[in-house]
Every structure is written in structure tokens, then in C-alpha cells.
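Reader: I have the sequence and the coordinates open. Walk me through the fold in short turns, please.

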Amino acid sequence: MAASILYIAYPLLTVSAESAGGAEQVLWTLERELSGRGFRTAVAASRGSSVSGELVPTGAPCGQLDGLERRNREHHEAVLSFLRRRGHGFDLIHDMSGSFWTRAAEVDLPVLATLHLPRSFYPSGYFESVAGNVSFSCVSQSQLRSFTDFTKLPGVVPNGIALDHFKQRRPADDRRGLLWLGRICEEKAPHLALEIAARAGLPITVAGQVYPFSYHRQYFEREVAPRVQNSPNSTFIDSPGFEHKLELLRQAQAVLITSQAAETSSLVAMEAAASGTPVVAFRHGALPEVVADGRTGFLVESVAGAVAACGRLEHISPADCVSHARQNFDCATMADRYLDVYARTLAHRGASAA
């Protein structure tokens, strides 16, 4: 069993309870859980991150895609330098950065890389040369189906959330309007959420972060801002803090998930269920694995289907949503499953070395 784990974060952003990115949220939650159980944990992340174990700062976050190559190189070199000094103190590296595993040949430790994205999002040929000490894990069965050619994939570990943050709920009759929550970009399609709300005749709050990437800014200014400005029933909240996000989830009649990508998971859908709030989501990627259709929300095929679903929200019981979240999304279960994957990864490493 791994007693000491080094986690590696995505290089452009910080890791904390306030993180907007899904991979950062999962890393923060998992590391917090295992540190609380007495495991020695360290997180290699951008300066300014806040973690439960040791922070290994690798440089300042830059928040610009055109700086990714430089920042990624700086991030990798800082991790390798740290490992040259302290590497023998760890049993395993858990890479959630999406790219450090490509440098694994320079490390004398097993590296588990969690894949957070659909396979089509990775560059062509990205997985052609994989070092012998690298294993991969997926976060959903739908994602796994596109990685069936991988030989070193010791497990699927669905994401989880810190359910202790979702204890307070509003009565069902004290909710008003729709909520769209997430990273504001074209593939997440908040403009469709605004269209759904307008057609359903319901107010909507769009809450999230516009990352400082040029195409994200351009999308927001072209598709989202004008719709909000032209609708008296629409509100935009920029980068809500964690407690504010929880309050928004508790206040909403339903959360809309309008992503056009083959989502590999959905923390927003999990958080909504834990708040007793129904979800109306497009049936893409792993959403059918997260949303219990007809019990915790509705899976739809179109904008028209989403509008119709907004008229059936009273059929969803907040208690059923919370029960489903407790049974399926507890971060303690995610941690248990990762510990099992760690054990199998280390066992494979030991067998290979024998």
C-alpha cells in the first residue's frame, strides 16, 4: 500500500477549495481525504495553491494558453528537481496534470496518470510512447470505452465530492429559477442554458469563470454577455467562491448542464444532487452515469427536450437526489478505489522488478 504519494497538478492554475477546474477540484478533494487518513501527501502545483499536505510550488500560475508550453516545461523541471532531492521519500506519483507522465522515464517511481479528458481532446499520437513505469486510470466507464487498447489501465475510479460540504438544504418550495454553473467556454455551451431558460419562461443565473484564454473571452463576449444583458431574467456571477456556489446550488429549482462535449464526468451534477437539486442535462458522455434519469433529474437530447423537462421538475424529490449522492459520489469511496489502484500499481511494479 502506498503510504506516501506525490500528486502533480495542472500547471496553469492553482489548487484549492476554490478551484474551478474539475481536475483541480478532484485532486484537492482526494489529497484532503488521504491526508486526513494519515497518508503522507505532497502536491506539486502552482504557487499560491492551498493543500492539506506539503505544497511543492513549481512557479507562478500564468492562466494563458499561449504560455502553456513554457509553464509546462517549468512545472516539469521543478517536479524533477524536487524528486532528485526528495524522490526516495515517495512510494508513488499520481499525475493529474495530463502531461507529467510523458517525463516518467526520468523518474524511478511508479506513475499513475488519471485521464480526465475525452480521448479526442488529446493530440494525435500522444500515447504512442509510454514509459514502462506509467499506468493510467479513467474516471468513467464511457471514457474507458475509448481507451480499451491500453494494456496498463488498472482501474476506473469515478470522481467524488466532499459530501460534508453539502449538509444544509433549502425546502423545495423555497427555490427559484435555473442555474448554470461551470467553466465558461464554447464546449460547455452556457448560451444554450440561456436559451432554454428563456423558452421555459424561468429566470436563470449563469455562474462561472471565464479563463483568460482568448477564445474563451471571445466566446463569452459573443454568445453569453449579450444574452444576459438583453434578458431581465438572466444574471451573470463571475467566479463565485465556494460558499457562494453552495448557496446558488441550494437556491436553484434545477441545474442545467448543456455541455456539447463527451463529458468524462460531471462534478456539477454530483454537487447538485448533494444539494437536493435536480439536473437537466444533455445525454452526452458520462452524464448517464452521474444523473439518474427520472430520479435525480432528466437526460435530454435537445433544447426542446430540456425546456419540456423544466416543466416536470416537481416530479424530482430532493431527498432522492441527496440519497443518490450519498450512495454514489462520496469522496471517501473515491479514495478507497484509488488506494486499491495504488496497491495494484505497486504490485505490478514489484512483479516487474522481480
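Reader: At about what angle does helix 7 run to strand 11?

Author: The model is predicted: local features need pLDDT of at least 70, side-chain atom pairs count only at pLDDT 80 or more, and totals for chains, interfaces and linings use all residues. Residues are numbered from 1 along each chain as its sequence is written, and side-chain values use heavy atoms, with hydrogens and water left out. Helices (H or I, at least four residues) and strands (E, at least two) are DSSP runs, numbered from the N terminus; axes are lines fitted to C-alpha atoms, for helices over the stretch in contact, and angles run from 0 to 180 degrees between N-to-C directions. Helix 7 lies across strand 8, strand 11 and strand 12, and its angle to strand 11 is about 170°.

Reader: Which class does the packing of helix 7 on helix 10 fall into?

Author: Helix 7 (residues 267-274) packs on helix 10 (residues 318-328) at about 125°, with the axes 7 Å apart. Under 35 degrees is roughly parallel, over 145 roughly antiparallel, 65 to 115 roughly perpendicular, and the rest oblique. So helix 7 is, relative to helix 10, oblique.

Reader: How many nonpolar residues are in that contact of helix 7 with helix 10?

Author: Contact means heavy atoms within 4.5 Å. Helix 7 contributes Met-270, Ala-273 and Ala-274, and helix 10 contributes Cys-321, Val-322 and Ala-325. Ala, Val, Leu, Ile, Met, Phe, Trp, Tyr, Cys and Pro count as nonpolar, Asp, Glu, Lys and Arg as charged, and the others, Gly among them, as polar. There are no polar and no charged residues in this contact, and the nonpolar count is six.

Reader: What is the average twist of the open sheet from one strand to the next?

Author: Two strands pair if DSSP finds at least two bridges between them. Six strands make this open sheet, with parallel pairing and the order 10-9-8-11-12-13. Strand 10 (234-238) and strand 13 (297-300) are the edges, each pairing on one side only. From strand to strand, the twist averages 20°.

Reader: Which residue of strand 13 is the bridge partner of Val-279?

Author: Strand 12 (residues 279-282) pairs with strand 13 in the parallel sense, over four bridges. Within strand 13, Val-279 has as its partner Gly-297.

Reader: At about what angle does helix 6 run to strand 8?

Author: Helix 6 (residues 242-251) lies across strand 8 (178-183), strand 9 (204-209), strand 10 and strand 11 (254-257). Its angle to strand 8 is about 145°.

Reader: Are the two faces of strand 4 buried or exposed?

Author: Buried means under 20% relative accessible area, exposed over 50%, and partly exposed in between (1.4 Å probe, protein chains only). Strand 4 (residues 92-95) has Leu-92 and His-94 on one side, with Ile-93 and Asp-95 on the other. Both faces are covered, and these four residues are all buried.

Reader: Which residue of strand 5 stands opposite His-94?

Author: Strand 4 pairs in parallel with strand 1 (residues 4-8) over four bridges, and Leu-6 stands opposite Ile-93. Strand 4 also runs parallel to strand 5, joined by three bridges. There, the residue opposite His-94 is Leu-112.

Reader: How far apart in space are Leu-117 and Ala-261?

Author: Leu-117 sits in the loop between strand 5 (111-114) and strand 6 (134-138). Beyond four places in sequence, its contacts are Tyr-122, Gln-143, Phe-147 and Thr-264. Leu-117 and Ala-261 are 144 residues apart in sequence, yet their C-alpha to C-alpha distance is 9.8 Å.
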